[in-house]
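Here are a few short exercises to work through with the sequence and model open beside you. Try each task before reading its solution.

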Amino acid sequence: MLTQVLFCFLAATAVASAIGVVVVRNVVHGALLLGLCLTMVGGLYGILGADFLFGAQILIYVGAIAILFLFVVLLSGRRAEFAEKPLNAMAPQAALAAFLIFALVGGILAQVREALHSLPPAAAATTSSVGDLILGRYAIAVEVLGLILLVALVGATLMARGLDKERV
Amino acid sequence: MAELATPPPPPTPAPAPAPKPPANVMPPEKAVPAGIRKVFAKHTEGTLLPNRLWPTDVWPNPWKSASYRRGALVLSALILAGTGAAFFLREIGVPLAALRETLHRFAEANLPQVPSWAAEAVWILAKALVVLHIILFNGLFLVWWERKISAHMQSRLGPIFTGKWHGVLQTAADGIKLLLKEDAAPKEKDSWLHSLAPALVFVPVLICFTPVPWGRDLEAANLDAGVLYIFAWAGLSVLGIVLAGWASANKYSLLGGLRSAAQFVSYELPRSFSLVPLIAIAGSLSLTKIAGYQEGYWFGFFPKWFLFYPVVGQISFVIFLIASVAETNRTPFDIAEAESELVGGFHTEYSGMKFSIFFLTEYAYVLLASCLLTTFFMGGGAAPLPFLSVLPSWFWFLGKTLFFMFCFLWFRWTFPRFKIDRLLDFNWKFLLPWSFVNIVLALPYIYLWKL
């Protein structure tokens with residue numbers, strides 16, 4: 001019961017703030033709403049009993065990515081308000097694409113719903129079991145992912161420095 | 001007549017006031033031990049010390065003063081009373097668990113129409129309120145303590161009148177003043193965010209206190225990923241600081257907010273990495289388990305605190321301590337609100353209660369950092385010697401936390417402020433590499449010791 005109340009609150013706030021991100025004119029408000037949306041999604045992980053995922057979601061998505069967005073907005077020196085309308089001539093196509101994706105996700109969910117319900121309830125995922133998976137079974141995948149991120153980081157630094165040289 | 005001719009014997013040698021040395025003259029040799037003088041002379045080349053009056057010159061022997069003796073007596077009486085109270089109260093985790101049971105049984109027996117989860121919800125609410133009040137009273141106490149300590153470090157008295165005894169009620173009076181103050185803010189402010197920012201700063205720190213183990217069975221919630229949880233939420237406060245800077249429509253505020261964010265994001269890395277050896281050795285992210293792992297004694301008397309693990313423990317401790325001071329935005333690292341450069345930094349345009357919430361949050365972070373230092377490095381509620389276990393765990397936890405809080409205040413009034421570039425260099429070129437080295441140094445512990 002408590003879980004259901006919490007779920008309704010978190011899900012409603014997540015959806016409302018996600019709509020807000022798109023609708024709000026002020027970019028800083030938009031970045032903040034994005035942070036709120038990601039926090040609420042983290043809360044959903046929390047009530048599913050995925051402690052580690054909850055912490056990681058807050059740490060990475062809210063603590064790092066939303067703040068990075070805010071930085072970019074603040075440092076880019078643009079005006080905080082968009083002058084244009086949020087909708088333009090592409091609106092109908094975009095709406096169609098959004099509806100198709102929604103239908104796709106809904107269709108998949110409807111297909112696997114029975115299968116999901118017939119699964120045995122998952123054992124409580126502790127942090128140590130997550131750690132065993134990350135550094136045991138999926139160690140290579142995680143390492144490769146880390147390597148890709150490192151390459152991206154070095155590349156970004158290189159590009160930023162190259163731009164600076166051209167400017168100077 | 002001869003008696004008259006001789007001068008009368010001098011009166012009992014009253015403590016003669018130390019002769020005030022004239023400026024630019026070294027204080028008398030005896031005032032400063034030769035060893036200390038040698039060390040300082042090497043570094044200052046006679047530029048700093050000659051102008052400085054050592055405390056021993058001003059006040060040669062404080063024990064000769066009656067008020068000093070009385071103060072020491074009162075202080076030891078207070079400490080003894082606290083210890084005695086702790087001894088008789090014993091562990092309060094056990095009666096609290098019993099209280100919870102009683103609440104559940106009462107709800108089941110007398111209120112059948114209330115759903116079963118309501119009793120637990122009431123209990124959770126009570127725990128949240130207790131944590132909130134710990135933070136509020138901590139602010140009340142710590143502001144007063146900081147003012148007293150800073151005053152005594154600068155040969156002043158600090159608040160002395162309000163509340164009769166050493167100005168204990170000064171902070172309460174200030175709080176009332178802040179409540180009544182006009183909430184002045186610039187016209188161009190983003191009014192929503194300007195009001196939201198203090199809340200965004202304060203709420204994360206309140207959440208951060210959830211897994212803190214105040215003693216045996218005294219944590220609000222024993223979270224399996226407690227360390228991650230604390231670091232994740234603590235990282236959110238910077239969002240509020242940046243927004244406070246931006247919403248104020250003031251360039252000093254914005255600069256302060258951005259500086260604070262750069263500092264926070266940088267220092268979070270060595271702070272987390274310095275804990276990796278500890279987490280690997282203890283084998284858990286739960287604060288309760290980490291504190292529990294450090295209970296017990298080597299050779300029957302030497303506490304198994306992580307601080308005492310040779311090399312690794314000390315490096316971790318120093319890095320974590322420095323990074324914690326940086327995260328609280330306090331003086332050696334307070335470039336975010338550097339008064340001489342930025343007026344007041346991100347809270348320049350805040351006044352009244354909104355300002356005091358920033359203030360409260362800073363002190364809450366000091367308390368949080370002290371609690372974490374206690375939990376990670378000093379064994380939480382573990383007693384320093386086996387026979388001292390007669391005192392309950394919460395007493396030891398509070399004692400160690402108070403000690404670290406004193407260290408935080410001490411640092412603030414001892415070190416000068418860093419420049420922003422030095423600050424970031426220090427983090428990226430010194431703290432972070434050493435925290436990586438420390439992880440490598442911890443390997444023998446994990447592979448040899450635990451086998």
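The exercises below concern this predicted model.

**Exercise 1.** Find which residues have the most contacts inside the largest nonpolar core, and which helix gives the most to this core.

*Solution.* Start with the core itself: it has 81 residues, and Phe209(B), Phe376(B) and Phe377(B) have the most contacts inside it. Next, look at who supplies it: helix H16 of chain B, residues 352-377, gives the most, with 13 residues. Then take note of a second, separate core of 24 residues, which includes Leu70(A), Val73(A), Val201(B) and Leu243(B).

**Exercise 2.** List the contacts of Phe376(B), leaving aside neighbours within four places in sequence.

*Solution.* With those neighbours set aside, Phe376(B) touches Val227(B), Leu275(B), Leu278(B), Leu287(B), Ile290(B), Gln294(B), Phe306(B) and Phe320(B).

**Exercise 3.** Decide whether Lys127(B) is buried, partly exposed or exposed.

*Solution.* First locate Lys127(B): helix H6 of chain B, residues 117-153. Its relative accessible area is 26%. Buried would need under 20% and exposed over 50%, so Lys127(B) is partly exposed. As a further check on its surroundings, the C-alpha atom of Lys127(B) lies 9.2 Å from that of Ala221(B), although the two are 94 residues apart along the chain.

**Exercise 4.** Work out where Leu119(A) sits and why it counts as exposed.

*Solution.* Leu119(A) is in the loop between helix H4 (91-118) and helix H5 (127-137) of chain A. Its relative accessibility is 52%, and the cut-off for exposed is over 50%, so Leu119(A) counts as exposed. Finally, Leu119(A) helps make a nonpolar surface patch of about 750 Å², together with Ile101(A), Leu104(A), Val105(A), Ile108(A), Leu109(A), Val112(A) and Leu116(A).

Terms used: Residues numbered from 1 in each chain as written. Chains lettered and ligands numbered in written order. Predicted model: local features only at pLDDT ≥ 70, side-chain atom pairs only at ≥ 80, totals over all residues. Heavy atoms only, no water. Core = buried A, V, L, I, M, F, W, Y, C linked by side-chain atoms within 4.5 Å. Buried < 20%, exposed > 50% of the residue type's maximum accessible area, 1.4 Å probe, protein only. Helix = DSSP H or I, 4+ residues; strand = E, 2+ residues; numbered from the N terminus. Contact = heavy atoms within 4.5 Å. Patch = residues over 30% accessible without salt bridge, like charges linked within 9 Å, V, L, I, M, F, W, Y side chains within 5 Å. Areas by Shrake-Rupley, 256 points an atom, 1.4 Å probe, with all protein chains shown as cover. Salt bridge = Lys/Arg side-chain N within 4 Å of Asp/Glu carboxyl O.
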